[in-house]
Amino acid sequence: CGLFGIFAPEQDVSQLTYFGLYALQHRGQESAGIAVSDGRKIQLHKGMGLVSDVFSEEIIESLQGRMAIGHVRYSTTGSSLLTNAQPLVVHFQKGMLALAHNGNLTNAIELREDLNNQGAVFQTTIDSEVILNLIARYYRKSLEDAIIKTMIDIKGAYALVVMAENKVIGVRDPYGIRPLCIGVLDGRYCFASESSALDTIGAEFVRDVQPGEVVTLDENGISSRIGSQASAPAYCSFEYIYFARPDSTLDNINVWESRYQMGVELARECPVDADVVIPIPDSGTPAAIGYAHERGLPIEEGLLKNRYVGRTFIQPTQEMREIAVRIKLNANARVLKGKRVVMIDDSIVRGTTSSKLVEMVKSKGAKEVHLLISSPPVCHSCFYGIDTAEREKLIANKMDIEGIRQFVGADTLYYLSEEGLKRAIGNVPACLACFNGKYPVQVPKDFSKSGLE
Ligand code: 5GP
Ligand code: SF4
Ligand code: MG
């Protein structure tokens, strides 16, 4: 999911939030929402679909206020339904509260059972509502105190933007698994999941929210407290590999640069003889450029992308996924015919994309196809907010590398080593659990996306 939040009474905050969400659309296409506060009440508009589908000019204009938070969703818990769209807004004895969440709690089921036993009522089937419920429950005098108390109860990954009538608060979990950064625009502050959203609205990057930090934006500017901090951060490495925009910088590492370096590392680890390098656009492109530069090979557009398709992975069924690959990409015979091709992608999850593309590239006359992947095999599920699928569906969990090579039909299949990946992301302290199974936060034994339904 993608988050945006801003406190700026002089600005058109709903408009800025709209543009901020637009810049974060790649982080979720299922639903979008904006909550605005005028200092007394909170107004909310949300809907299913893309930011541009959910909001019209009239709707944005009707959302007048001094501060706002926004969310784009792709579901990792709870179905893709309007009731599960965010921000969530509640009325309680202290007023109104709005919350938007990126990530996944690992103890949401237990927490919700406890709350249910104490008489709480839930309207959604998402873990984020548990957070909102706890905050409202703990709220006495200070919202920050309530959030810090909540942070003790909740486990897992969460970046949050929370809004009361007079302030916007940004929070990152103790490990900083999901990203969140701070920007400044004309002396007022804002939050965004990625720095590229700050560029979009013309804000200047200030810094990342630190793991475990609770940052408040209000009439007095910006202030911060540390809630709960782990001994070391565990930034999600998959943000760098695939999820984040390449023009974002997360926790001081530029995403494009890290992808380029993944390609450079791949070239050192696996220098195959070839005539041409082709990226699988868009996510494989920076690594392919890094590989080609490092090897001194030409890089060409062997696969062309239809710009009007969203991320294939996010289509919920397998059938849809297979068709979606062909809707999204087509092979370009002009650069493939008779060539030994190095094809580079960022990751293989189920193997749908790679097998379709190898077949496509060969059918357009490529002599050899060497498939290089700029991350290690994904063998484990993510419980922290990236939908890398259940373990049984991960091809690297079912087959060894030779088996996968045969399945996708490539002449070579090579995955970047974990060491190479770590170097490429500047050795930031990172979560690599989907590759090596070392989960920084304990994961539930029987997790399912519909656990709260
Ligand atoms: P597959 O077709 O093997 O299931 O998925 C791999 C392809 O999906 C890659 O091209 C990768 O860029 C893309 N992809 C899209 N969304 C995701 C996601 O959330 N996780 C992963 N691992 N890959 C994704
Ligand atoms: Fe990111 Fe993988 Fe860790 Fe999930 S398990 S947070 S996708 S690195
Ligand atoms: Mg891709």
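In this predicted model, strand S21 (residues 368–373) and strand S22 (residues 412–415) run parallel and are joined by 4 bridges. Within that pairing, Leu 372 has Tyr 414 of S22 as its bridge partner. The two faces of S22 differ in their surroundings, for Leu 413 and Tyr 415 make up a covered face, while Thr 412 and Tyr 414 make up an uncovered one.

An open sheet is built from 7 strands in the order S3-S2-S4-S1-S10-S9-S11, with antiparallel pairing. Strand S3 (42–48) and strand S11 (204–208) stand at its edges, and because each has a single partner strand, one side of each is left without a neighbour in the sheet. Direction ignored, neighbouring strands of this sheet are turned by 15 degrees against each other on average. Some of the pairings within the sheet are set out below, each with its bridge count.

| Strand pair | Sense | Bridges |
|---|---|---|
| S1 and S10 | antiparallel | 3 bridges |
| S9 and S10 | antiparallel | 5 bridges |
| S9 and S11 | antiparallel | 4 bridges |

Individual residues can be placed in these pairings: Ile 6 stands opposite Cys 190 in S10, Cys 181 stands opposite Ala 192 in S10, and Gly 183 has Phe 205 in S11 as its bridge partner. The hairpin of S9 and S10 has 2 residues between the strands, and in this hairpin Asp 186 takes a positive phi near 50 degrees.

How is strand S10 placed with respect to the rest of the structure? S10 is largely enclosed by it, because 5 of the 5 residues of S10 are buried. Arg 188, Cys 190 and Ala 192 point one way from the strand, whereas Tyr 189 and Phe 191 point the other way, and all are buried. Helix H1 (residues 13–23) lies across S10 (188–192) as well as across strand S1 (2–7), strand S2 (31–37) and strand S4 (67–73), and H1 runs at about 25 degrees to S4.

Strand S2 contains Ser 37, which counts as buried because it has 25 C-beta neighbours inside 10 Å, where 20 or more are required. Leaving aside neighbours within four places in sequence, Ser 37 is in contact with Ile 42, Gly 65, Arg 66, Met 67, Met 163 and Glu 165. The C-alpha atoms of Ser 37 and Phe 7 are separated by 9.5 Å, although the two residues are 30 residues apart along the chain.

Helix H9 (residues 255–269) allows a check on geometry: at 1.5 Å a residue its 15 residues should span 21 Å, and its end C-alpha atoms are 21 Å apart, which agrees. The buried residues of H9 are Val 255, Ser 258, Arg 259, Tyr 260, Gln 261, Met 262, Gly 263, Glu 265, Leu 266 and Ala 267.

The shell around ligand 2 consists of Ile 177, Cys 236, Ser 237, Phe 238, Cys 382, Tyr 384, Ile 386, Thr 388, Cys 431, Leu 432, Ala 433 and Cys 434. Helix H8 (237–243) and helix H17 (433–436) each supply at least two residues of this shell. By residue class, the shell around ligand 2 divides into 10 nonpolar and 2 polar residues, with no charged ones.

Methods: Residues are numbered from 1 along each chain as its sequence is written. Chains are lettered from A and ligands numbered from 1 in the order in which they are written. This is a predicted model: local features need pLDDT of at least 70, side-chain atom pairs count only at pLDDT 80 or more; totals for chains, interfaces and linings use all residues. The expected span of a helix is 1.5 Å times one less than its number of residues. A residue is buried if 20 or more other C-beta atoms lie within 10 Å of its own, exposed if 12 or fewer, and partly exposed in between; C-beta atoms are placed from the backbone. Two strands pair if DSSP finds at least two bridges between them. Axes are lines fitted to C-alpha atoms, for helices over the stretch in contact, and angles run from 0 to 180 degrees between N-to-C directions. Two residues are in contact if their C-beta atoms, placed from the backbone, lie within 7 Å. A residue is near a molecule or strand if its C-beta atom, placed from the backbone, lies within 6 Å of it. Ala, Val, Leu, Ile, Met, Phe, Trp, Tyr, Cys and Pro count as nonpolar, Asp, Glu, Lys and Arg as charged, and the others, Gly among them, as polar.
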